[in-house]
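Let's take a stroll through a protein model, one helix at a time. Keep the 3D view open as you read.

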Amino acid sequence: MNNITFGRYTTENTVVHKLDPRNKIVLMILLMITIFLPFQVWSTTLILTGLVLAFLIVVMFLSKVNFLDLFRSIKGMWFLILFLMVIYFFIPDKSYTLPIPGTPFYYDAFYRCGYIVLRLIMLLSITTILTTTTKPMDLTYGLEFYMSPLKVIHFPSHEIAMTLSIALRFIPTLLDETNRIIKAQSSRGVDFEHGGIFKKFKAIISLIIPLFVSAIERSEELSNAMEVRGYNPKSKRSRYRMLKFHWCDLFAFLIVGAIFGGILTLSIYDQNIIQINIIYAIFGKMPLF
């Protein structure tokens, strides 16, 4: 549990840490959209995906994200990967065109399954970069900034931003609590790794119930602490630290914007070429009159 990096802010003095949280939220959304832009040609998809992956690796180096911890977090996706492999290999799609000689499988299944797994890994990398380089309160200020126009219709932007921030802050806390409960229950003879389904289910119950009780107690303590300190979400609040854009924010936005704009342009061009080919295939040999 300690190896899961999502939601854990690390104190470092890097360029990525110094970026404005409002800018990082926008950059994260642009990169996520870039990952899911469709292409029909395999070579184009692999080349552009490789470029985005290389860019994420460089950003992770700059932000000093621990790659080993990220790989350990990816290990929890093994069940999803196996499920995808079963779906793509044993339930072939009609669009598959490259069968493996002597087998009922297709080369397309390898490509599509691997591409989806690669997308998931890239999404996990993007969210990890955001949460490890952004303080929870700064993330709250950034979310509140983008939801502030909705205050005109009395939308509780501050309350929602604070709730999301607390939820992100509680992720590493609950992971640490889960690890502590596992060690405590293991010292009492509970085996979480061996045994049949019913034995493992009983072991998980002995983990979930104390975890829920601990989470409820922590949430009650947090609400009491906020109430004692006079927290009122509807009152006008001042801030000790004001968010400001710097030259590095502009530089990062231009780089990510160029990547997003270039891949979006290629995606639109790719779709237009396909539509032209379809129209030509339908009407190319038909007489105009």
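Below is a short tour of three helices in this model, which is predicted.

## Helix H2: mostly under cover

Start with H2, which runs over residues 21-35. From first C-alpha to last, its 15 residues reach 21 Å, close to the 21 Å expected at 1.5 Å a residue.

Take a look at how hidden H2 is: 11 of its 15 residues are buried. Among them are Ile25, Leu27, Met28, Leu30 and Leu31, but also Arg22, Asn23 and Lys24. Arg22 has a contact to check out at the start of H2, too: its backbone nitrogen has a side-chain oxygen of Asp20 within 2.8 Å.

## Helix H3: a helix with two sides

Next up is H3, covering residues 42-63. Its 22 residues reach 31 Å between the first and last C-alpha, close to the expected 32 Å.

Which residues of H3 are buried? They are Thr45, Leu48, Thr49, Val52, Phe55, Leu56, Val59, Met60 and Ser63. Because these residues cover an arc of only 140° around the axis, they sit on the same side of H3. Spin the helix to its other side and you'll meet Ile47, Leu51 and Phe61, which are exposed. Right after H3 comes Lys64, with a positive phi near 60°.

## Helix H5 and a nonpolar patch

Finally, head to H5, residues 78-90, where you'll find Phe90. Is Phe90 buried or exposed? Phe90 counts as exposed because its relative accessible area is 57%, and the cut-off for exposed is over 50%.

Phe90 also has company: together with Leu80, Phe83, Val86, Ile87 and Ile91, Phe90 makes a nonpolar surface patch of about 570 Å².

Definitions and conventions
Residues are numbered from 1 along each chain as its sequence is written. This is a predicted model: local features need pLDDT of at least 70, side-chain atom pairs count only at pLDDT 80 or more; totals for chains, interfaces and linings use all residues. Side-chain values use heavy atoms; hydrogens and water are left out. Patches are made of residues with over 30% relative accessible area and no salt bridge: like charges are joined within 9 Å, nonpolar side chains (Val, Leu, Ile, Met, Phe, Trp, Tyr) within 5 Å. Accessible areas come from the Shrake-Rupley method with a 1.4 Å probe; for residues, only the protein chains shown count as cover. A salt bridge is a side-chain nitrogen of Lys or Arg within 4 Å of a carboxyl oxygen of Asp or Glu. Helices (H or I, at least four residues) and strands (E, at least two) are DSSP runs, numbered from the N terminus. Buried means under 20% relative accessible area, exposed over 50%, partly exposed in between (1.4 Å probe, protein chains only). The expected span of a helix is 1.5 Å times one less than its number of residues. A polar contact is a pair of N or O atoms within 3.5 Å; within protein, one must be able to donate a hydrogen and the other to accept it, and residues adjacent in sequence count only if both atoms are side-chain atoms. The arc is that of the directions from the helix axis to the C-beta atoms.
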